[in-house]
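I opened the file to look up strand pairing, cores and cavities. My notes are below.

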Amino acid sequence: MPSRGPIASYDTATTTLPTLRRGSQLHETERRLNAVLNNASVAIFLMDDRQHCVYMNRAAELLTGFSLTEVLARDCPLHDIVHHTYPDGRPFPLHECAIDRAFPENNQERGEEVFVHKDGHFYPVGFTASPIRDDGAKIIGTIIEVRDITEEKAAAERQRLLTNELNHRVKNTLATVQSIAAQTFRSRTDQVARAVFDARMVALSNTHNVLTAENWESAGLRSVVESALAPHALAEIDTARFDLVGPDTRLHPKVAVTLALALHELMTNAAKYGALSVPEGRVAVHWTLTRIGAGEQLDMTWTETGGPAVTEPTRRGFGSRLIERQLPMEFDGTAVIAYPPTGVVCTLKIPLTTLGWHGRDVVLGRDAR
């Protein structure tokens, strides 16, 4: 590194951005910029090409416990002052630091790290580090924005504990319901009804497990489909019996539970009377996401082929009522079960915008098969 002259110190009461070009015409601009930076709530650091800090705003001083004067006097990389140790006490060398990687790799870096306060305590931060270029596009330093995320981490941990407690209570409730069912269905004539009831409880529990993995915020559509079909699919040697095609997206928990129960009923009927009751039968579950206004609609089709010839039933069972009535009633969608001779076809259309839920970020790779 080329040698440098001494760095001037700055009074923390009037922390200002160092003037890189001299001239009175810059005075007003610098004054306004300093006012903005020193009133910003996010901590801002300016680094030179040695990764030494040449400026930090008031928020940065409050965050780290160090004044700009103290940092300048140390004449070393900022990393060695506020980021020199891992939380477990191990030394944290500069070359391992993601924040400082922005300069040599000419990249913007984002992420989370753990800083060391002047008083010695550790605290988590979220950061963005971007290279600074001169008029010739040469990188001359780095600008770093940092915010304390201690409260966010604490809130997330509290949420995790509450969710785990809820999950525990729901699991206990399901176990209690199954115990009640065992006492209710005692006679031999009740065993078939008991088996059907237990299967439905398993389907509900499987969907609960998918939601538990996502802290009950949402569930992946493909995970819901696979979970609902798992009890039968796992018993099959021929994995080609199931054809699942469609993009992934996030489902509201209420949609996930009802959809899983509907798929379970379709699978159960297919195993008893339809395509899954014979070795050559096949089930295809295909779905698409259609843009509707500012939201989306899930269009899903369940198609059975290769099974016994189908005739329309004379009465609707629980599964059919659940699919044809519950889904439209709860989600303002449509559900139609058709009985062509070649196999049952069920078409579902569920708007994903009617619940007022705005967390349905579509997972990348929507054409995954």
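These entries go through the strands, then the cores, then the cavities.

**Entry 1: strand pairing.** I noted at the start that this is a predicted model. I began with strand β9, residues 282–292. On one side I found strand β7 (residues 242–245), paired with β9 in the parallel sense over four bridges. Aspartate 243 stands opposite alanine 284 there. I then checked β9 against strand β10, residues 295–305. That pairing is antiparallel and runs over eleven bridges. Leucine 289 has leucine 298 in β10 as its bridge partner.

**Entry 2: onward from β10.** I followed β10 to β12 and found an antiparallel pairing over seven bridges. Methionine 300 has leucine 348 in β12 as its bridge partner. Next I looked at β11 and β12, which pair in the antiparallel sense over five bridges. Leucine 348 turns up again, as the bridge partner of alanine 335.

**Entry 3: the hairpins.** Which residue takes a positive phi in the hairpin of β9 and β10? I found glycine 293, with phi near 60°. Two residues lie between those strands. The hairpin of β11 and β12 has six residues between the strands. Here glycine 343 takes a positive phi, near 150°.

**Entry 4: the cores.** I listed the largest nonpolar core and got 39 residues. Val225, Leu259, Val285, Leu298, Met300, Trp302 and Ile323 have the most contacts inside it. Elements that each supply at least two residues of this core include α8 (221–233), α10 (318–331) and β11 (334–338). The strands of my first entries, β7, β9, β10 and β12, are also among them. α9 gives the most, with nine residues. I then took valine 285 alone and left out residues up to four places away in sequence. Valine 285 touches Val225 and Leu229, then Asp243, Leu244 and Val245, and also Met300, Thr301 and Trp302. Apart from this core lies another, of 28 residues, with Ala60, Leu63, Phe115 and Val125 among them.

**Entry 5: the cavities.** How many cavities of 30 Å³ or more does the structure hold? I got two. The largest has about 90 Å³ of space. Its lining includes Phe45, Met47, His79, Val82, Phe115, Ile144 and Val146. β1 (43–47), α4 (79–82) and β5 (139–148) are the elements that give two or more residues to this lining. By class I noted nine nonpolar, two polar and one charged residues. Asp100 is also in the lining, as are His83 and Cys97.

Notes. Residues numbered from 1 in each chain as written. Predicted model: local features only at pLDDT ≥ 70, side-chain atom pairs only at ≥ 80, totals over all residues. Heavy atoms only, no water. Pairing = 2+ DSSP bridges. 1 Å grid on protein atoms, 1.4 Å probe; cavity = no way out; pocket = protein on both sides within 12 Å on 5 of 7 lines; lining within 4 Å. Points joined across faces, edges and corners; volume = space filled by probe spheres on them. Nonpolar A, V, L, I, M, F, W, Y, C, P; charged D, E, K, R; others polar. Core = buried A, V, L, I, M, F, W, Y, C linked by side-chain atoms within 4.5 Å. Buried < 20%, exposed > 50% of the residue type's maximum accessible area, 1.4 Å probe, protein only. Contact = heavy atoms within 4.5 Å.
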